[in-house]
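The following note was prepared for a colleague who wishes to review the fold in some detail. The points proceed by structural element and may be read alongside the coordinates.

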Amino acid sequence: MVDSTLAQVGKNLSEAMMILGDGQREMEMGTERRRFSRTSIPGPLQGDGQDVATILHLVHNLIHEEEEKEDKPSQQMQNVGEQAHMALLGHSLAAYISVLDRERLRKLTTRILSDTTLWLCRLFRYENGSACFHEDDRAGLVRVCRLVINVRYEEFATEGYAVLSSKQPVIYQSSSCRPGLGQHLCSQLGLPLSSLCTVPCNTIFGSQHQMDVALLDKLIKEDIEAGKLPLLLIANAGTPGAGHTDKLGRLKELCDQYNMWLHVEGVNLATLALGQVTSAVMAATRSDSMTLTPGQWLGLPAVTAVTLYRHEDPALSLAAGLTSSQPVEKLRALPLWLSLQHLGHNGIVQKIKHATALSQQLLQKLKSMASIKTSVEDELNSPVVLFKFSQGMSAASSGGSVEGYCAGEKEVLDTFNRWLGEQLAQLVPTSGVDVVELEDEGTCVRFSPLLTAAVLGTQPEDVEELVERLSELVPVMSSTMCLRQDFREESHRHSASLRYVDDISWPGLGVVRYEPQAEGMDESRRKQVLEKINNELLRKLQDLDTDIIFSTGPEFGAAKYTIFVGMVTEDVDVSELVDTIAALGRDIEESGRLLENMTEVVRKGILEAELQLQKANEEKLIEEGMLRQIPLVGSVLNWFSPVESSIKGRTFNLAAGALNSTEMTYSTKAQAGRPSLQDTPTHSSKRLSGQRLFRRSGANFDSFSETSSIGQADEMTREESTTVSSSIQPPTSALAQEEDLSSVSEIPPEKVQESSDQIHNTQVETEEASEERQHEGREMEQSGR
């Protein structure tokens, strides 16, 4: 029979996970009410308590709050499987067990700790070891350092740090260790940074990520001669970046020679559980201590890290914090204890074997791909795969010129590989790939399924999809790399209007800025014009029917007010692309200049029209007399004795800047013989049906269509950046740009409104109001007859 309380704990956990998941998202209140609730605003503690379901719903809403604000689809918790459920149950049981009586608690925690230690030592081939369970995966190393200090400095327990002044302790680490690990040790131990010695990696022989053993030996001898005490060496069985393993066998011999403690950590330690282990990793079983992270390897949430160590004195281990006399502290092992039993030995080995098989699958696929370079320590057993796009621009084969560009080739390749890693992580999120920066290789894409597969649920199908996406992106990267120099040269060909911005951090074809004529402008005015023209140019480019992504630059630095051109395919006509950018920019600039000139012309034209209308009104008053100006009397007189008005309408010709009579307009009823500016094509290139812009004739139109590109501020989708159009027709005159009429600031508002309504027809027609009254009089006369 199971204790009813234990059964209730498991039941409550299951219900809580259902509520926090997607099974019971909707509460009694509607979605809108929940969305606009104030649960996310901190407030006072309510007087009456709330039930468990309400509190769990509150937690759920806080988890998914951002998704609801941005209308994003709900994301379920990552792969919370049955084994993960056991780990979560362990935390609940630990709280329940902690309230048992002291004797029963001591017996139970001792059994849990001893079982877990025994299983881990046998599973990872670490004989006669003890275990320390800790939340921070660095805490075990800190406690090991305290243990070594207590061992090497016998008076440390009574004298404290004063005994360290006689011989300064030195901790050695590889330059490939985790960033900040050595500084964290010195901070926690109260040691100066001079106690930390970073050993460079090999530069000539062996892996470039392995510690240089000969140089380490030399450094140790120099420290001993300087009166220092070599204390501890931190080695890697799988470096954080590249997954390479140090020469642990030789390092162990060196540590024995100088009476140093050898500590090993790294992802490759997981392979110790497999049936076949490489000799390099097997040497880790001879180390004095090693840190394991079974939670990452097995996909167990909130499971502690474990440091296995060998030491005979339990008192010193207790003083260093590796063990605890408090039974509650030993309950940290309970979630791992439950999970290991649930998985069993075969289940644990199978998870690790599955992760290593995924690495081998990807490695074999990448070997056959052009322009992809792999970097692994052991092609048969390495659980970490590094790869990068490595096509040199000097090897361009698509007609692109590369002379003069090899100086920044490495930086450009790093930028492209960073883009590649981000795209793959977005397109295949279950693959778990990420981007790493290495000193020698530069920017690489890393696939480390031992750290991600168990949590993300990575399967062989995900690796196949990853390779498929990679095969789609690589040709675009290759063509873009080949055409970058051509784009640069074409931009320099338009140096009078276009300025090429050399931005090696942009993963695309290049960056340009349209430079308007700034003669007679101050700096402030020039910046305003520059910003306005380039923003309008970007909008017009985004409206073109093309697969190329155009985006804006940051609001600071040299790339301000610039246009970023994204990835392109090999059939793109770079010359046509640059010509179009320059043509659109010139048209926008000329339109703006025409509007500025139009301001004064329209103002003078309106003033002249007012004077002529005022003069015509005076002549009409003299001609018709005062009685006809009275509304009612004038209508009667016009009915009995109609008068033909001698006042003609006026039209304002914007092009000539002159007022003309409307007599010719009304006599001909139309202005024949004037071609429409809108009908005049400005781009005479002929295209086939269905052919996109900037494609060379004869190219395959159904080739790769770019799906994504990153900008400096935000990533834009294809739907936001392209609209359907049949040809490039930049506007040839500002007369068709209604929005730019607002720049005519000198004209009175009522006149601007009257003029803007008539500028669309290229004429501004003004007539007297009295002429309308004459027409009314004639109508009344005709009706009376």
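**Notes on strand pairing and helix packing**

1. Strand S4 pairs with strand S5 (residues 261-265) in the parallel sense, over 5 bridges. Within that pairing, Leu232 has Trp261 of S5 as its bridge partner. Strand S2 (residues 169-174) also runs parallel to S4, and 5 bridges join the two. In this second pairing, Pro169 stands opposite Leu229 of S4. As to burial, S4 (residues 229-236) is mostly covered, with 8 of its 8 residues buried.

2. Some overall figures help to place these strands. The model is a predicted one. The protein contains 26 helices and 18 strands. Of its 785 residues, 47% are buried. Among contacts with a separation of 6 or more, 72% link residues that are 24 or more positions apart.

3. Strand S7 deserves separate attention. Because 5 of the 5 residues of S7 (residues 305-309) are buried, the strand is largely enclosed by the rest of the structure. In a regular strand, side chains alternate between the two faces of the sheet. In S7, Ala305, Thr307 and Tyr309 point one way, while Val306 and Leu308 point the other way, and all are buried.

4. Which strands pair with S7 in the antiparallel sense? Strand S1 (residues 130-134) does so over 5 bridges, and strand S6 (residues 289-292) does so over 4 bridges. The bridge partner of Cys132 in S7 is Thr307. Ser289, in turn, has Tyr309 of S7 as its bridge partner. Thr307 and Tyr309 thus appear both in these pairings and in the group of buried residues that point one way from S7.

5. A further sheet is formed by 4 strands. This sheet is open, its strand order is S8-S9-S11-S10, and the pairing is antiparallel. Strand S8 (372-375) and strand S10 (434-438) are the edge strands, each pairing on one side only. From one strand to the next, the twist averages 40°. S10 pairs with strand S11 (residues 442-447) in the antiparallel sense over 5 bridges. In that pairing, Leu438 has Gly442 of S11 as its bridge partner.

6. Helix H16 (residues 334-367) connects this sheet with the helix packing described next. H16 lies across S8, strand S9 (385-389) and S11. The helix runs at about 30° to S9.

7. How do H16 and helix H19 pack, and at what angle? Two packed helices are described by the angle between their axes and the distance between the axes. For H16 and H19 (residues 460-493), the angle is about 25° and the axes are 10 Å apart. That angle makes H16 roughly parallel to H19. The crossing of the two helices is right-handed.

8. The residues of this contact can be listed for inspection. H16 contributes His354, Leu358, Gln361, Leu362, Lys365 and Leu366. H19 contributes Pro460, Val463, Glu464, Leu466, Val467 and Leu470. By class, the contact of H16 with H19 comprises 8 nonpolar, 2 polar and 2 charged residues.

Notes. Residues are numbered from 1 along each chain as its sequence is written. This is a predicted model: local features need pLDDT of at least 70, side-chain atom pairs count only at pLDDT 80 or more; totals for chains, interfaces and linings use all residues. Side-chain values use heavy atoms; hydrogens and water are left out. Two strands pair if DSSP finds at least two bridges between them. Axes are lines fitted to C-alpha atoms, for helices over the stretch in contact, and angles run from 0 to 180 degrees between N-to-C directions. Contact means heavy atoms within 4.5 Å. Buried means under 20% relative accessible area, exposed over 50%, partly exposed in between (1.4 Å probe, protein chains only). Angles under 35 degrees count as roughly parallel, over 145 as roughly antiparallel, 65 to 115 as roughly perpendicular and the rest as oblique. A crossing is left-handed if the near helix is turned anticlockwise from the far one by less than a right angle, and right-handed if clockwise. Ala, Val, Leu, Ile, Met, Phe, Trp, Tyr, Cys and Pro count as nonpolar, Asp, Glu, Lys and Arg as charged, and the others, Gly among them, as polar.
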